Structure formats: structure tokens, C-alpha cells
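User: I would like a close look at one part of this model, with its surroundings described afterwards. Please keep to the geometry.

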Amino acid sequence: GTWPMSAAWELTGIARMTSGSPYTPLVGGDLNGDGSRNDRAFIYDPASAPDTAIANGMQRLFANASAGAKECLHKQLGSIAARNSCSGPWQPSLELQLNYRPMWLGLNRKLTLSLLTQNLLAGADQLFHGADQLHGWGQLARPSSTLLSVRGFDPASGRFLYVVNERFGATSAGATAIRIPFQIGFQLRYTLGSPFAGFPGFAGARGGGGGGGSGERGGAGIRRGAGGTGGDFTNRFASLAPNPIKEMLELRVGLRLGDQQEAKLNAISDSLTAENTALGKALQAELAKLGANLDARVLTIIRPRLEQAQKNLQAALDAAKKVLSEEQWNYLPERLKTPRGLFGGGRSGERRPPPGQ
């Protein structure tokens, strides 16, 4: 989430919720002597446990364990635990970033000064609870995966004697030796070129005329156009949006258009022009609200208008195709039937012989 507090100041927050990592109920130590401490535990049912130590330990565990740990164990009662059959708790994180884009020294808001935080929750944990009473905010919560520990061997029955870890599944992030610290960083970012470079016709747009030029001149040109001085931005937007229907009408002789076809195409062309003009006016009003404080955020204003203009263009082409016969449609150059891009112009195509020749 981003909150633009003013034209120069902006506050950004990034909050995350991450699912817990899977873990396996294990026996403490190396039970089978293979050199790895990864032996899966048998999940004893308290009602049928071989001794009272296991039965009482499992009962107390089920009474006090977390919901996730209890569900994991209940599903596997009377069997050896499956690998990664339990899952740890979801974990939150929060980062804040304060941005400042100055206008002084001719920077024109191209320089962004940022104050960053890393693991803000850990800083809040230490601030509110103190270093000796941490709650583990912002730390990796690692559930205890040891369910059973060997306490002896019964030669009469030929089985190991276990003690139940009643803190199975519990997390102790605040007491872990490896912690993710709270940190503060400082970042500078400078934007080269114009934020309108991805939109042909806007990057070098000047209030009084077109042409290329530096990104700074382009941004200034849009500001003048948006404010209504030095040119009409609405007309510029409408002129940049292609109207292939108007060009189709110029081919009326080759297409051998009937009066009704010509009237319908004129209506489609006028409608497309009106829609583009309305979009240009809406965009001009949005840009006027920003005044002289245009920056990369302006793309979030321009982009939806361009997407809507593209939809209007496609709808007009679909309507024109229904008006023309298949032979007339095939006669049209490809650049009119499938424009390459909204402001990029179409591909040049060869004009085909008129229908019937």
C-alpha cells in the first residue's frame, strides 16, 4: 500500500503473511544407528499406549498443544509419522518505506531519497517488550519437531522406553539464538529519461507541437497540455489514437460501398472519435489535478485510458467487419484490419485489386 502524503512525500508499507514450513514428528537422537537424526516417531494413542508414561504424556500434549499440532497427530494415531506431515504456523512480516522526491536543484522529482526498514516487527517487539521479554515478532517460527525421546530399553519386552515431549509443535522464536535483526537503510534512486517513454506520442509531447526531445521537455509538455496552456491535450490524445474506420471510408470506391454501408461506417467512425475525445478529456482532468508534480505515478493514470482506447478500437473494427462483406473485408490492407498498436501505427500493406477484378 502507498500513501502519497504530498507531492514530494510518500509512505509505502509492505505486509506479508507466509504459510508455515512443513516438519516431521521425530524421535530425539539416532534411533536406528544410521548416522542421521531423522527417525520418524510412532504416534501413540493414549488409550492404547504400552505404558503410563507415554499415555499420560500424550494426554497432556493433546490438552496443551496448538491446534495444528493436535490435528497432525490425531490423523496419524497408531502409525509411524509421515514425512513433512505437520505444518508450522503462518508468519507475518511488515516493512515501511518513506520516500522523498525533491524539486530543488533542477531535480524535477527524478531523485528519490528513501528511508527503508527491514523486519520492522522485530524492532516493535524490542521497543514494546524489551530485549529480555521478546515475543518473537518478525522471527522465523520453528516448531519443535521432537515428539519422543528415548529414556531406556526394556529387555523383557524388547522395546525402547520413551518420554513424550509435551512442547511438540510449540514455537520459541523469541528465544532462538539466530534472529533476524531490525535494520534501517538509506537509498537513493535517480530516474533517467522520461516516465512516458513507454507511451509513444507522450514522451516527447510538447504543448505547442510534437517531436522528440528530452524526457524533461516531454514531461513539461504534458503539464502544459494538461493545464490547458500551450496546446489542447485532449485533441493530442484523440489524434494519436488511430481511427482505421475513417481510412476505410477513403477506400469507398475500391470497396464499392453501398449507401447504407457508408452510413453505418460513418456512424462507427464518429462514435470511435467521440469515445477517444472523451477519454482524452478524462485524462486531461486527471493530469490537471497533479499540476506540475508529475512523476512515474502518472503512468497509473495514463495506462487505464490507453487500455480503454484499445478496447474501443477493437470494438469499432468488429462492428466494421459486420458491415462489410467478406470480399470487401479481404480487400482492406492488413494495417487497417489489425493495427500493430494503439499509438505505434499499423503495418504497411499492399492494396489489393478491387472486388471482382
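How exposed is Phe 160, in terms of relative accessibility? Please start there and work outward.

Analyst: The model is a predicted one. In it, Phe 160 has a relative accessibility of 32%. Because burial requires a value under 20% and exposure one over 50%, Phe 160 counts as partly exposed.

The ring of Phe 160 pairs with the ring of Phe 153. Their centres are 5.3 Å apart and their planes make an angle of 70°, an edge-to-face arrangement. The partner, Phe 153, is partly exposed as well, at 47% relative accessibility. Both rings belong to a cluster linked by ring pairs, whose other members are Phe 42, Tyr 44 and Tyr 162. Over the whole structure, the search returns 6 aromatic pairs.

The strands come next. Strand β8 covers residues 146–154, and β9 covers 159–164. They belong to an open sheet of 3 strands, ordered β4-β8-β9, in which the pairing is mixed. The edges of this sheet are β4 (26–28) and β9, each of which pairs on one side only. On average, neighbouring strands here are turned by 45° against each other, with direction ignored. Helix α1, residues 52–64, packs on the sheet and touches both β8 and β9. The direction of α1 makes about 30° with that of β9.

On the other side of the strand order, β4 and β8 pair in the parallel sense, over 3 bridges. In one of the bridges, Leu 26 has Thr 146 of β8 as its partner. As a general point, strands of a sheet pair through backbone hydrogen bonds, and they do so either parallel or antiparallel.

Two further sites can be described in the same way. One is helix α3, residues 120–129, where the buried residues are Leu 120, Leu 121, Ala 122, Gly 123, Ala 124 and Asp 125. The cover over these buried residues includes β6 (91–100) and β7 (111–118). Following the helix comes Gly 130, with a positive phi near 85°.

Within α3, Asp 125 has a relative accessible area of 0% and is therefore buried. The side chain of Asp 125 reaches the backbone nitrogen of Trp 137 at 3.1 Å. Leaving aside residues up to four places away in sequence, Asp 125 touches Gly 130, Leu 134, His 135, Gly 136 and Trp 137. Gly 130, the residue that follows α3, is thus also one of the contacts of Asp 125.

The other site is a disulfide, and the count for the structure comes to 1. It joins Cys 72 and Cys 86, with the sulfur atoms 1.8 Å apart. The torsion about the S-S bond is about -75°, so this disulfide is left-handed. Cys 72 sits in helix α2 (residues 67–74) and Cys 86 in strand β5 (residues 86–87). The two cysteines are 14 residues apart, and the pair links distant parts of the chain. Cys 72 is buried, because its relative accessible area is 3%. Cys 86 is buried too, with a relative accessible area of 2%.

To return to the starting point, Phe 160 is partly exposed at 32%, and its edge-to-face partner is Phe 153.

Definitions and conventions:
Residues numbered from 1 in each chain as written. Predicted model: local features only at pLDDT ≥ 70, side-chain atom pairs only at ≥ 80, totals over all residues. Heavy atoms only, no water. Pairing = 2+ DSSP bridges. Helix = DSSP H or I, 4+ residues; strand = E, 2+ residues; numbered from the N terminus. Axes fitted to C-alpha atoms, helices over the stretch in contact; angles between N-to-C directions. Contact = heavy atoms within 4.5 Å. Phe/Tyr/Trp six-rings, centres within 6.5 Å; stacked < 30°, edge-to-face > 60°. Buried < 20%, exposed > 50% of the residue type's maximum accessible area, 1.4 Å probe, protein only. Polar contact = N/O pair within 3.5 Å; in protein donor to acceptor, adjacent residues only side chain to side chain. Disulfide = S-S within 2.5 Å.
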